[in-house]
Amino acid sequence: MSTIQAVRGMNDVLPDEAALWREFESKVEAWLERYGYRNMRMPLVEHTQLFRRAIGEATDIVEKEMYSWRDELNSEELTLRPEGTASCVRAAIEHSLLHDGPKRLWYSGPMYRHERPQKGRYRQFHQYGVEAIGFAGPDVDAEHIAMCSALWRILQLRNIRLELNNIGSPQERVRYRADLVRYLEKHQDRLDADAKRRMHSNPLRTLDSKNPIVQELVASAPPLASYLGDASLAHFEGLQRLLKAAGIDFTLNPGLVRGLDYYNLTVFEWAAADLGAQRTVCGGGRYDGLFAQLGGKPAPATGFAMGNERLLALMREAGRNPQPRPPHGYVVFQGEGTHEYAFAMAEELRSKDFSIMLHAGGGSLKSQMKRADASGALYALIVGEDELKAGEVSVKPLRIEREQLRVRRERVAELLKGS
Ligand code: HAM
């Protein structure tokens with residue numbers, strides 16, 4: 001019979017790789033706690049309409065990357081979440097999370113986008129998302145950027161650079177958009193098919209085109225910055241002042257517009273010099289219009305999300321390869337009645353917080369000892385008929401040169417504790 005493989009772009013994390021995932025997760029979660037962020041968990045499936053409204057109809061994600069289907073039983077259009085911000089805001093509105101003041105939140109888990117898989121780009125990938133809802137000032141934008149900078153230090157990742165932009169308010173962008181479209185129309189002959197399509201549906205996305213000809217053209221387009229009013233400029237200056245005070249380097253990139261439509265004012269991305277084409281490890285910005293857009297009471301908000309697979313790839317490239325902690329003991333047994341005795345002893349030791357593996361699958365004592373050695377355990381705990389009769393256990397150190405001891409069963413915990 002033919003075997004069944006995983007779905008393309010959706011990866012298994014095998015035990016040897018999971019050790020690094022767990023190290024990453026425990027560091028990230030300790031860091032989030034240090035900044036006072038609280039965890040929340042949203043469903044993987046939402047109404048399709050949520051993402052259409054939040055991310056925008058004319059974005060790559062909504063146009064072609066969502067896993068959507070119709071649930072015939074309930075006549076509902078549903079989608080596997082491509083990102084977490086829309087769900088987080090939906091949940092905040094649904095449960096009135098802002099009724100007693102602003103909130104600092106985080107979530108994590110798999111996201112789904114039907115992209116063309118390649119190194120660093122998957123159809124199921126994992127994010128940590130951080131959202132500060134109910135905060136209007138540039139200070140929280142700065143807090144997020146400073147948090148990222150601190151996290152790269154904690155993870156010992158170098159060469160991750162910050163790009164920053166301010167895309168103004170929706171009103172400022174309406175004026176800018178009209179002028180940009182006029183400019184692009186004048187130079188239609190130099191636009192590729194994608195840029196031509198975007199020119200009317202989402203003209204700002206032509207600013208971050210990967211096509212060098214389009215790039216050159218938009219470099220001479222009217223600059224978005226010159227359309228920003230006093231409030232937008234003050235926000236941007238406030239942010240830059242705080243970043244400079246904290247010694248955080250950044251590059252201003254007027255072409256940075258992000259692939260989701262809910263942003264206003266601050267947008268930023270962190271890119272790793274050492275990764276290939278998929279080098280953006282983290283991105284975010286302010287989304288002050290999203291609460292109202294999803295039918296809630298207007299509230300300012302800002303946030304970011306990072307791609308776990310890309311950060312883990314950087315950690316792996318930096319040579320990080322944590323080993324799992326070895327068990328304290330591996331129990332082997334042979335002879336009438338020894339299985340029950342060994343089984344009960346293993347449970348007793350685990351209840352005292354020791355990690356104990358009990359041999360399974362039978363075999364000679366010699367083959368069991370081989371398994372004990374391969375397990376990485378510090379001690380083999382040997383139960384034969386003699387030990388059973390005497391209420392004892394033979395304890396053989398496997399990692400240090402020391403003689404085997406035979407002790408009463410009650411003393412095993414004491415002996416392991418000293419290890
Ligand atoms: P995003 O830029 O779409 O933003 O995704 C954030 C990060 O997720 C990216 O920088 C990248 O590291 C990772 N990522 C995205 N797509 C893939 C993929 N196909 N494979 C592997 N990694 C990927 C958001 O999702 C926003 N919700 C961020 C945000 C939160 N803005 C405000 N709050």
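Reader: What follows helix α5, and what is the sign of its phi?

Author: Helix α5 is followed by Q156, whose phi is positive, near 55°; helices here are DSSP runs of H or I with at least four residues, numbered from the N terminus. This is a predicted model, in which local features need pLDDT of at least 70 and side-chain atom pairs count only at pLDDT 80 or more, while totals for chains, interfaces and linings use all residues. Residues are numbered from 1 along each chain as its sequence is written, and side-chain values use heavy atoms, with hydrogens and water left out.

Reader: How do you know that the span of α5 agrees with what a helix should span?

Author: The expected span is 1.5 Å times one less than the number of residues, so the 17 residues of α5 (residues 138–154) should span 24 Å, and the end C-alpha atoms are 24 Å apart, which agrees.

Reader: What makes the contact of R52 and E57 a salt bridge?

Author: The term asks for a side-chain nitrogen of Lys or Arg within 4 Å of a carboxyl oxygen of Asp or Glu; R52 and E57 meet at 2.6 Å, N to O, and therefore qualify.

Reader: Why is E414 called exposed, and why is R411 called partly exposed?

Author: Buried means under 20% relative accessible area, exposed over 50%, and partly exposed in between, with a 1.4 Å probe and protein chains only. E414 has a relative accessible area of 51% and is therefore exposed, whereas R411, at 40%, counts as partly exposed.

Key. Helices (H or I, at least four residues) and strands (E, at least two) are DSSP runs, numbered from the N terminus.
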